[in-house]
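Student: Could you take me through one part of this structure slowly, namely the sheet that the two chains build together, and show me how it fits into its surroundings?

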Amino acid sequence: MKAYQKILPEVLGLGASLIAISPQSPDKSQATLLKNFLQYEVLSDLGNVVARQYGLVYQLPEWVRDLYVSLGVDLPAFNADSSWELPLAGTFVVGQDGVIMTSYADSDPRNRLEPQAILDALRGAKKV
Amino acid sequence: MEQDLRSQIKERERTHPLSREESELLERAYRELAQSGITQRVPKAGEPAPDFRLPNAVGIPVSLSDARGHGPVVVTFYRGIW
């Protein structure tokens, strides 16, 4: 999110807005907001309802859950949800008409849509 | 988010290095997810974005349809603070 926060002034300058969605309960989202001084909406998608509509939800296999807990990631506590389901890191640039201009999803959470690709899409939309 | 996860994992690795088995376990989880074909099922460019209405950090509902009334919207899903 920090990488996207850096381009936020440019995103806003192009007349667009940024919405971040996570399965965290609102209290944890609030903590995120304060922690990162985010200047955009952080929405709580409890149970990954919306992420599921975007085809992004998967369940962590049982054999890796203990490792997550030992890394300090106690999902059931964070997300008020014992399903061990997570959304992929997916990003969508949506036009004013509701049509997706750019769609990105990666199964490796260490990857993400490059911030520059977002700006390119928004600039492209402006020229039309 | 992901960066926070990475820095958290890095910090954890510094204090309690991940064993070879643990690293392999994480890599295997990513690999299996990639092989599941999940990324093929997300809506693509040119398709309608599913609308949503969700509470923001202070509980006020925010909808995609309202947000795009003002201009394009970048919607990004992430796993959490870690």
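Tutor: Before counting anything, we need to know what is being counted: helices, of at least four residues, and strands, of at least two, are DSSP runs, and they are numbered from the N terminus. Please keep in mind throughout that this is a predicted model.

With that in hand, the secondary structure of chain A comes to seven helices and six strands, and, read from the N terminus on, its elements follow the order α-α-β-α-β-α-β-α-α-β-β-β-α. Of the 128 residues in chain A, 39% are buried, and among its contacts with a separation of 6 or more, 52% link residues that are 24 or more positions apart.

Now to the sheet itself, which is open and has five strands in the order β2(A)-β1(A)-β3(B)-β5(A)-β6(A), with mixed pairing. Its edge strands are β2 (41-44) and β6 (100-106) of chain A, each of which pairs on one side only, and the twist averages 15 degrees from one strand to the next. As background, strands of a sheet pair through backbone hydrogen bonds, either parallel or antiparallel.

Let us look closely at strand β1 of chain A, which covers residues 17-22 and is joined to β2(A) by four bridges, the two strands running parallel. With strand β3 of chain B, residues 73-77, β1(A) also pairs in the parallel sense, here over five bridges. A single residue lets you follow both pairings, for A:I19 stands opposite A:E41 in β2(A), while in β3(B) the bridge partner of A:I19 is B:V75.

Beyond the sheet, the contact between the chains takes 69 residues from chain A and 50 residues from chain B. On the side of chain A that touches chain B, the largest share, eight residues, comes from helix α3 (residues 26-36) of chain A, and by class that side has 41 nonpolar, 19 polar and nine charged residues.

Two places elsewhere complete the picture. In chain A, the residue A:W63 lies in helix α5, residues 62-70, and A:W63 counts as exposed because just 10 other C-beta atoms lie within 10 Å, where the cut-off for exposed is 12 or fewer. In chain B, helix α2 (residues 20-35) has 16 residues and reaches 22 Å from its first C-alpha to its last, close to the 22 Å expected at 1.5 Å a residue, and α2(B) is followed by B:G37, whose phi is positive, near 80 degrees.

Conventions: Residues are numbered from 1 along each chain as its sequence is written. Chains are lettered from A and ligands numbered from 1 in the order in which they are written. This is a predicted model: local features need pLDDT of at least 70, side-chain atom pairs count only at pLDDT 80 or more; totals for chains, interfaces and linings use all residues. A residue is buried if 20 or more other C-beta atoms lie within 10 Å of its own, exposed if 12 or fewer, and partly exposed in between; C-beta atoms are placed from the backbone. The expected span of a helix is 1.5 Å times one less than its number of residues. Two strands pair if DSSP finds at least two bridges between them. Axes are lines fitted to C-alpha atoms, for helices over the stretch in contact, and angles run from 0 to 180 degrees between N-to-C directions. Two residues are in contact if their C-beta atoms, placed from the backbone, lie within 7 Å. Ala, Val, Leu, Ile, Met, Phe, Trp, Tyr, Cys and Pro count as nonpolar, Asp, Glu, Lys and Arg as charged, and the others, Gly among them, as polar.
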